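Student: I have a protein model open on my screen, and I would like to learn how to read it. Could you walk me through it?

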Amino acid sequence: MAELFPRSATYDESWVTENRMGPNVLWLAELLAERMTLEPGMRVMDLGCGRGLSSVFLAREFGVEVWATDLWIKPTDNWERVREAGLEGQVHPIYAEAHQLPYAEGFFDAIVSLDAYQYFGTADLYVQYLATFLRPGGEIGIVCPAFRRELGPDDVPDYLTDLYGEGGFHAFHTSSWWRDHWRKAAVVEITLADEPPESDAIWEEFIPHTRPQEQVSLSADAEGERVLTFARVVARR
């Protein structure tokens, strides 16, 4: 996969595997960064950063200062990874809920969210709230699991039925759904909404790292309709 993700290929695979919480987040970060403006010294919020791998990647690769924001992983745990990466002055672990962010309005040059936005961003006006933390002209960018077509309760492929019933897939939508969803708030200008061509490869790599019942569903998808993909969306305030 080095040809698809040359920056990510320089990172220790065991470090990524030991700390992963879903599909390879370095690959998602690389896909997003290539379509955003990230320059040295910029202030970036990494919202839903998990174990901070994406925050380390963005800081190291683009020279940005990152506020690694997460609710599930305690900042002390992420601070250890930041220190191991030698980025103590550049990555700041923050413990916060996505609807109660402890930041000043207009503070950030960019906000990113990787494999997380679907958990908290489906409310109609959430992007309006999030955009208040951006300076004018700043960018919001996300990459999140998605469907190639919208699925209703009676439109779920048989191989996804069990997983869909767990609830998480209800937050999966198409890239065009996310584009129109953000337009409702009328505070951002959409500059990109697509399915990265690397999406299939990312899902296929993820299969061995999932639970047995997930492996069955994801493998069936890979062999058949390929409903699963990723949505990449970028907007400017």
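Tutor: Gladly. Let us start with one helix and its surroundings: the cover over the buried residues of helix 2 includes helix 1 (13–19), helix 3 (53–62), strand 4, strand 5, helix 8 (199–206) and strand 7. Keep in mind that this is a predicted model.

Student: How many residues of helix 2 are buried?

Tutor: Nine of its nine residues are buried, so the helix is mostly covered, where buried means under 20% relative accessible area. The buried set includes Val 25, Trp 27, Glu 30 and Ala 33.

Student: A glutamate catches my eye there. Is Glu 30 buried or exposed?

Tutor: Glu 30, which sits in helix 2 (residues 25–33), has a relative accessible area of 8% and is buried. To see what surrounds such a residue, set aside its neighbours within four places in sequence and list the remaining contacts: for Glu 30 these are Leu 4, Phe 5, Pro 6, Arg 7, Ser 8 and Phe 57. With Arg 7, the C-alpha atoms are 7.2 Å apart, although 23 residues separate the two along the chain.

Student: Which residues does Asn 19 touch, not counting residues up to four places away in sequence?

Tutor: Asn 19 touches Arg 51, Leu 53 and Arg 81 on that count. Asn 19 belongs to helix 1 and is buried, at 11% relative accessible area. Its C-alpha atom lies 8.7 Å from that of Gly 50, which is 31 residues away along the chain.

Student: Now for a helix with a pattern. Which residues are buried in helix 7?

Tutor: First the general idea: an α-helix has 3.6 residues a turn, so residues three or four places apart point the same way. In helix 7 (residues 175–183), Ser 175, Trp 178, His 181 and Trp 182 are buried. Viewed down the helix axis, these buried residues fall within an arc of 120°, so they line one face of helix 7. They pack against helix 5 (126–131), strand 5 (134–147), strand 6 (189–194) and strand 7 (228–236).

Student: What about the backbone? Which sign does phi have at Asp 115?

Tutor: Asp 115 has a positive phi, about 55°, although it is not a glycine. Asp 115 is in the loop between strand 4 (108–114) and helix 5, and at 17% relative accessibility it counts as buried. Ala 186 is another non-glycine residue with a positive phi, of about 60°. Ala 186 lies in the loop between helix 7 and strand 6, and it is exposed, with a relative accessible area of 64%.

Student: Let me zoom out. How many helices and strands does the protein have?

Tutor: There are nine helices and seven strands. To judge the overall form, set the radius of gyration beside the value for a compact globule: with 237 residues that would be near 18 Å, and the protein has 17 Å, which agrees. The C-alpha trace spans about 50 × 40 × 30 Å along its principal axes, and 53% of the 237 residues count as buried.

Student: And what do the contacts and the charges look like?

Tutor: Among contacts with a separation of 6 or more, 76% come from residues 24 or more positions apart. As for charge, the protein has 20 positive and 39 negative side chains, and the centres of the two sets lie 5 Å apart. The protein exposes about 10500 Å², with 48% supplied by carbon and sulfur atoms.

Methods. Residues numbered from 1 in each chain as written. Predicted model: local features only at pLDDT ≥ 70, side-chain atom pairs only at ≥ 80, totals over all residues. Heavy atoms only, no water. Helix = DSSP H or I, 4+ residues; strand = E, 2+ residues; numbered from the N terminus. Rg over C-alpha atoms; globule rule 2.2 N^0.38 Å. Buried < 20%, exposed > 50% of the residue type's maximum accessible area, 1.4 Å probe, protein only. Contact = heavy atoms within 4.5 Å. Areas by Shrake-Rupley, 256 points an atom, 1.4 Å probe, with all protein chains shown as cover. Lys, Arg positive; Asp, Glu negative; His and termini not counted. Charge placed at Lys NZ, Arg CZ, Asp CG, Glu CD. Arc of directions from axis to C-beta.
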